[in-house]
Amino acid sequence: MSEKFDAIIVGAGVAGLAAAYTMAKEGLHVIVLEKGQHPGSKNVMGGVLYRQMMDEIIPDFWKEAPIERPIVEQRFWMLAKESVVQTGYRGMEWSQPPYNNFTVFRSKFDHWFASKCVEAGALIICETTIKECIIENNHVIGVRTDRPDGDLYADVVILADGVNSLLGKSLGYHREWRKDEVALAVMEELKLPSQKIEDRFNLDKGMGATIEIFGDGTLGMVGTAFIYTNKEHLSIGCGTLLSEMSKKQVKPYELLDYLKQHPMIKPLIAGAEPCEYYAHLIPEGGYKSIPKLVGDGVIVVGDAAQFVNGIHREGSNLAMTSGRYAAETVIRAKKLGSFNESALSYYKDLIYQSYIAKDLKKYKNASHTMETNPAIFNHYIPAANKVMSEMFTVDGISKSQKQKLAMKHITKERSLLRVAIDGIKVLGAMK
Ligand SMILES: Cc1cc2nc3c(=O)[nH]c(=O)nc-3n(C[C@H](O)[C@H](O)[C@H](O)COP(=O)(O)OP(=O)(O)OC[C@H]3O[C@@H](n4cnc5c(N)ncnc54)[C@H](O)[C@@H]3O)c2cc1C
């Protein structure tokens, strides 16, 4: 038998690297196997990384990690064809160390994170695809790679292999995801001088902003579009449920082109040069789609476990926390000397006691409610724009008359009762 590890981690995304770092720091013998050329080469993110969850793995990481900009402002846009209703928050507390969130480029960030794992003692092997788990008496004991003589063995295999998780599927931990359980997201990096970014987004030097866009940014489909500021790039992208895209017969790149041409967005990106294009799936099934998380000798983390909170644009943090929890579980299991499902179920306890499962449970019906009530995106958002336009137009019409007009816009082709039911449904999905 070839060399045996305490843990094999499949996938060098933030979930796998969080697991690797945490175990290596405790002296465990761990190996990460990644099919990409280097960690980060296959990973796509709009790019907001959450400080707290990364700090829990490497304290003060932001002092040396390749971050782009600390985010001091988060804007939310309800976009109509030629207008936008805006809200958001900007806070000076976010411009001071230790900051709140950062934009990052995953190609650089994961590369750096991987180097910290190696410093801590982990082995990372790239350009290696895991074909299957090796199973003996229903217990996962290792992995079969695409390399000659490429079987590797470990007490535990951690599946951090991302949204499709073919390995989780082959173990029977989840079925093929339905089209309403995954979103297809596309994004571009646009190069723009930092001074221009700061002028256009009203930012102090080095600081960043995010814009989440609902409504016309996805042509009224369930999903979001976004613009994030990096040092010398803007990230612009959009994603909708695959089921929505195939219903509407919209191609992802057409959606992105539409977004870039939108009159509210065009001036923000004017003159910016496209330099990278990405397309990637995002798990959106939420709480109800969480697969089997542990088995004898195996743990599933990050996107592979459907740990994405689409309502709050959170994924990297859930990935990092779940990776850390998996590592803590393996460290504990090693002390107990048992790696069966019962010993590894400690991971499930950590997940279900944490913000990960609690937040996913809170929004367990959100995506379905939005998909089955398209008016949320394609009726109320345009109506809100009309109402605001009329309210802010000073034209001699009395304010009480304007309030009546507002009501008319909201109830156009929808009865008051219908509006009330829609409101109850939305509140129900968010409670
Ligand atoms: C367009 C877009 C924008 C996003 N924006 C944000 C955001 O702003 N903030 C946020 O927090 N989240 C965001 N997310 C979600 C976030 O990117 C994911 O939740 C996060 O990357 C999950 O990390 P992970 O390590 O679980 O998976 P991944 O980063 O997908 O890593 C999985 C790794 O496994 C490797 N792999 C897969 N199969 C194998 C195999 N058989 N053998 C070897 N290696 C394998 C892959 O190459 C990959 O490197 C966004 C996602 C997209 C697509």
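Start at serine 316 in this predicted model: an N or O atom in the side chain of serine 316 sits 2.7 Å from an oxygen atom of the ligand. With the ligand still selected, note that taken alone it exposes 1,000 Å², of which the protein buries 95%.

Next, colour the elements that give two or more residues to the shell around the ligand. These are helix 1 (14–25), strand 3 (48–50), strand 11 (182–191), strand 15 (273–283) and helix 9 (316–336).

Now select aspartate 303. A polar side-chain atom of aspartate 303 is 2.7 Å from an oxygen atom of the ligand. Then move to alanine 160, where the atom to look for is in the backbone: a backbone N or O atom lies 3.5 Å from an oxygen atom of the ligand.

Widen the selection to the 36 residues around the ligand; Glu34, Val48, Arg106, Asp303 and Ser316 come nearest. Colouring the shell by class gives 16 nonpolar, 12 polar and 8 charged residues.

Where does the ligand lie relative to domain 1 and domain 2? Colour domain 1 as 4–66 + 105–175 + 288–362 and domain 2 as 182–283. Both domains give residues to the shell, so the ligand lies between them.

Two backbone details come next. Select proline 97 and proline 98: the peptide bond from the former to the latter is cis, with omega near 5 degrees. To place proline 98, find the loop between strand 5 (84–90) and strand 6 (101–104).

Then go to glutamine 306, in the loop between strand 17 (298–300) and helix 9. Glutamine 306 is a residue other than glycine with a positive phi, near 65 degrees.

For the C-terminal stop, select residues 367–431. An unreviewed UniProt entry lists this span as "domain: FixC-like C-terminal". In the model, residues 367–431 are 78% helix and 0% strand, and the end C-alpha atoms of the span lie 13 Å apart.

Finally, zoom out to the whole protein chain. Its secondary structure comes to 16 helices and 17 strands. Along the principal axes, the C-alpha atoms fill a box of roughly 85 × 50 × 35 Å. How does the radius of gyration of the protein chain stand against that of a compact globule? For 431 residues such a globule would have a value near 22 Å, and the chain has 23 Å, so the two agree.

Definitions and conventions: Residues are numbered from 1 along each chain as its sequence is written. This is a predicted model: local features need pLDDT of at least 70, side-chain atom pairs count only at pLDDT 80 or more; totals for chains, interfaces and linings use all residues. Side-chain values use heavy atoms; hydrogens and water are left out. A residue is near a molecule or strand if one of its heavy atoms lies within 4 Å of it. A polar contact is a pair of N or O atoms within 3.5 Å; within protein, one must be able to donate a hydrogen and the other to accept it, and residues adjacent in sequence count only if both atoms are side-chain atoms. Accessible areas come from the Shrake-Rupley method with a 1.4 Å probe; for residues, only the protein chains shown count as cover. Helices (H or I, at least four residues) and strands (E, at least two) are DSSP runs, numbered from the N terminus. Ala, Val, Leu, Ile, Met, Phe, Trp, Tyr, Cys and Pro count as nonpolar, Asp, Glu, Lys and Arg as charged, and the others, Gly among them, as polar. Domain bounds come from an automatic or database domain assignment. UniProt positions are given in the numbering used here, feature names are shortened, and annotations may be inferred rather than shown by experiment. The radius of gyration is taken over C-alpha atoms; the globule rule is 2.2 Å times the number of residues to the power 0.38.
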